[in-house]
Amino acid sequence: MNKVVGAVRTAWWWTGALMGDHDYSRYVEHLRRHHPDAEVPSERDYWKARYADADANPGARCC
């Protein structure tokens, strides 16, 4: 049973990582580690800026 629970947790974590669920926390860690004087944006502001940047610089997207 522990293997099943572990597999489900791993799959859930992997799915979250694929969808970007961990991006904000990694960004905050980066800011605190490399730019300790920088203001940490709220999670809402982080995602707004990220989506605005993706729209302004579409890169290799098809649309």
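This report describes the helices, the buried and exposed residues, and the salt bridges of a predicted protein model.

**Overall layout**

The protein has three helices and zero strands, and when its elements are read from the N terminus on they run α-α-α. Of the 63 residues in the protein, 13% are buried. The surface that the protein exposes comes to about 5,800 Å², and carbon and sulfur atoms supply 58% of that surface.

**A nonpolar patch on the surface**

Part of the surface is a nonpolar patch, which is formed by Met1, Val4, Val5 and Val8 and has about 410 Å² of accessible area when these residues are taken together. One of these residues, Val5, is found in helix 1, which covers residues 2–19. Val5 counts as partly exposed because its relative accessibility is 34%, a value that lies between the limit of 20% for buried residues and the limit of 50% for exposed ones.

**Helix 2 and its two sides**

Helix 2 is made of twelve residues, 23–34, and at 1.5 Å a residue it should span 16 Å; its end C-alpha atoms are indeed 16 Å apart, so the expected and the computed values agree.

Which residues of helix 2 are buried? They are Asp23, Tyr24, Val28 and Leu31. These residues cover an arc of only 135 degrees around the axis, and therefore they sit on the same side of helix 2. A general property of helices is helpful here: an α-helix has 3.6 residues a turn, so residues three or four places apart point the same way. On the other side of helix 2, Arg26 and Arg33 are exposed. The cover over the buried residues of helix 2 includes helix 3, which spans residues 43–56.

**Asp23 and its partners**

Asp23 is found in helix 2, and it counts as buried because its relative accessibility is 10%. If its neighbours within four places in sequence are left aside, Asp23 is in contact with Tyr46, Trp47 and Arg50.

Asp23 also takes part in salt bridges, and the general idea behind them is that side chains of opposite charge can pair when their charged atoms come close. How many salt bridges does the structure hold? There are three of them in the structure, and they are set out in the table below.

| Salt bridge | Distance, N to O |
|---|---|
| Arg26 and Asp23 | 2.9 Å |
| Asp23 and Arg50 | 2.4 Å |
| Arg33 and Glu29 | 3.8 Å |

The side chains of Asp23 and Arg50 meet in a salt bridge at 2.4 Å, N to O. This pair links distant parts of the chain, since Asp23 lies in helix 2 and Arg50 lies in helix 3, 27 residues apart. Arg50 is partly exposed, because its relative accessible area is 35%.

In the pair of Arg26 and Asp23, both residues lie in helix 2, and they are three residues apart, which is about one turn of the helix. Arg26 counts as exposed at 51% relative accessibility, whereas Asp23 counts as buried at 10%. Taken together, Asp23, Arg26 and Arg50 are linked in a network of salt bridges.

The pair of Arg33 and Glu29 also belongs to helix 2, and because these residues are four residues apart there, they are separated by about one helical turn. Arg33 is exposed, with a relative accessible area of 59%, while Glu29 counts as partly exposed at 44% relative accessibility.

**Pro41 in the loop**

Where is the place of Pro41? Pro41 is in the loop between helix 2 and helix 3. Its relative accessibility is 22%, so Pro41 counts as partly exposed, given that buried means under 20%. Not counting residues up to four places away in sequence, Pro41 touches Tyr24, Tyr27, Leu31 and Tyr46. Two of the residues that Pro41 touches, Tyr24 and Leu31, are among the buried residues of helix 2. The C-alpha atoms of Pro41 and Tyr27 are separated by 9.8 Å, although these residues are 14 residues apart along the chain. Tyr46, for its part, is touched by Pro41 and is also in contact with Asp23.

Key: Residues are numbered from 1 along each chain as its sequence is written. This is a predicted model: local features need pLDDT of at least 70, side-chain atom pairs count only at pLDDT 80 or more; totals for chains, interfaces and linings use all residues. Side-chain values use heavy atoms; hydrogens and water are left out. Patches are made of residues with over 30% relative accessible area and no salt bridge: like charges are joined within 9 Å, nonpolar side chains (Val, Leu, Ile, Met, Phe, Trp, Tyr) within 5 Å. Accessible areas come from the Shrake-Rupley method with a 1.4 Å probe; for residues, only the protein chains shown count as cover. A salt bridge is a side-chain nitrogen of Lys or Arg within 4 Å of a carboxyl oxygen of Asp or Glu. Helices (H or I, at least four residues) and strands (E, at least two) are DSSP runs, numbered from the N terminus. Buried means under 20% relative accessible area, exposed over 50%, partly exposed in between (1.4 Å probe, protein chains only). The expected span of a helix is 1.5 Å times one less than its number of residues. The arc is that of the directions from the helix axis to the C-beta atoms. Contact means heavy atoms within 4.5 Å.
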